[in-house]
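Please open the structure in a viewer and set it to a cartoon display. The tour below proceeds by selection, with a note at each stop on what is found there.

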Amino acid sequence: MKAKILALLRERGGYVSGQEMCDMFQVSRTAVWKAINQLKKEGYRIDAVSNKGYFLHPEEEVFGSHELESRIDTAWAGRPVHFFETIDSTNLRAKLEAEAGAKQGTLIVADEQTAGRGRRGRDWESPAGKNVYFTLLLRPEMDPGRASMLTLVMALAVAEGIQKTCRLDPQIKWPNDIVLEGKKICGMLTEMSLERDYIHYVVVGVGINVGLQCFPEPISATAACLQEFTGKPVNRATLIAEIMKSFEPLYDRFLQTYDMREIRQLYEDKLVNRNRQVRVLDPKGEYTGTARGINDRGELLVELPDGRTETVYAGEVSVRGLYGYT
Ligand code: BTN
């Protein structure tokens, strides 16, 4: 009920009477009063004026489960949402939930991670009070070889979510980094569990740099945060809710063909590498070429100097710009 009260107060933007809430949620006045008091304890500024009702001051961010629940407006993505003030890693937690039978769409969100993990075994710095760390649980019925494309779907959803929340125009560095003016603001880590030849579950973990912060060397040269571009604080719950809202229809379109065919154009429109010189760091040997886009399986198409086109699979290969990170 607390999430519903928040959503109602926010939607009205003015006073809402206690009686109206009682009628709407079919509870007693005491129950409403108790819920309001608990919300106040969580940090919300709510005025109570006799004969007028309750008023929510909208300015401050309170990042927590009620805030998230009150903003997530989807059919399944982000439902339920489990929030943790601090956790080792949202990916690890999502895997535990998945093993215990949690349903597709379950979302794990944390304010802080003590063992945040990045790709290639790297750590992901995850301080409290600043950033977004979440993991979405999926249970697609498809061949495991296609799972890496889910990260591309999420990349598109994150880019759209940032666009809607922050009025910025982020781009995607293949396969799934989100960049603004050539600097990385978001990374993703997708992991899966297989059962024979089938996917048991996939967890897609997303870390977005949101609030102002000092990045440690050597990433300070290539990393940035959203607030550097918005010039004002970004509400993290709103951002997560918008990403979930974007993810749902993109995932549905992905499931029509189990590949990127339906959303390839949308992805390529945001691809920062497109028509740029790239260096492909293939363990079998580095080479350079011009990135032209992706194919239906989400692989990067790189045109070589001799005119041939190489198909780059995300796996172990990474791609750099010839003159910098992008
Ligand atoms: C990268 O190296 O670019 C990927 C970083 C992924 C970080 C996110 S934060 C939420 C989720 N939990 C983790 O431990 N990692 C991912």
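**Stop 1: the hairpins of β10, β11 and β12**

Select strand β10 (residues 277–281) and strand β11 (residues 287–294), which run antiparallel and are joined by 4 bridges. The model shown is predicted. Show Gln277 as sticks, and then its bridge partner in β11, Thr290. The two strands β10 and β11 make a hairpin, with 5 residues between them. Within that turn, select Gly285, whose phi is positive, at about 145 degrees.

Next, add strand β12 (residues 300–303), which pairs with β11 in the antiparallel sense over 4 bridges. Return to Thr290: its opposite residue in β12 is Glu303. Thr290 thus appears in both pairings, with Gln277 as its partner in the one and Glu303 opposite in the other. The β11 and β12 hairpin has 5 residues between the strands, and there Gly298 takes a positive phi near 80 degrees.

**Stop 2: the cavity**

Keep Gly298 selected, since this residue also belongs to the lining of the largest cavity. How many cavities of 30 Å³ or more does the structure hold? The count is 1, and the volume of the largest cavity is about 50 Å³. To display the lining, select Ser148, Met149, Leu152, Trp174, Arg297, Gly298, Glu299, Val312, Tyr313 and Ala314. By class, this lining comprises 6 nonpolar, 2 polar and 2 charged residues.

Which helix gives the most to the lining? Colour helix α6 (residues 148–166), which contributes 3 residues. Then colour by domain: domain 2 (65–269) and domain 3 (277–321) each supply at least three residues to the lining.

**Stop 3: the open sheet**

Now select the 7 strands of the open sheet, which follow the order β3-β4-β5-β9-β8-β7-β6 with mixed pairing. At the edges are β3 (81–87) and β6 (171–173), each of which pairs on one side only. From one strand to the next, the twist averages 20 degrees.

Within this sheet, focus on strand β7 (residues 177–180) and strand β8 (residues 183–195), an antiparallel pair with 3 bridges. Show Leu180 and, opposite this residue in β8, Lys183. When side chains are displayed, recall that in a regular strand they alternate between the two faces of the sheet.

**Stop 4: the aromatic cluster**

Finally, select Trp76, Phe247, Tyr251 and Phe254, which together form one aromatic cluster. Over the structure, the count of aromatic pairs comes to 6, where ring centres within 6.5 Å define a pair.

How values were computed
Residues numbered from 1 in each chain as written. Predicted model: local features only at pLDDT ≥ 70, side-chain atom pairs only at ≥ 80, totals over all residues. Heavy atoms only, no water. Phe/Tyr/Trp six-rings, centres within 6.5 Å; stacked < 30°, edge-to-face > 60°. 1 Å grid on protein atoms, 1.4 Å probe; cavity = no way out; pocket = protein on both sides within 12 Å on 5 of 7 lines; lining within 4 Å. Points joined across faces, edges and corners; volume = space filled by probe spheres on them. Nonpolar A, V, L, I, M, F, W, Y, C, P; charged D, E, K, R; others polar. Domains from an automatic or database assignment. Pairing = 2+ DSSP bridges. Axes fitted to C-alpha atoms, helices over the stretch in contact; angles between N-to-C directions.
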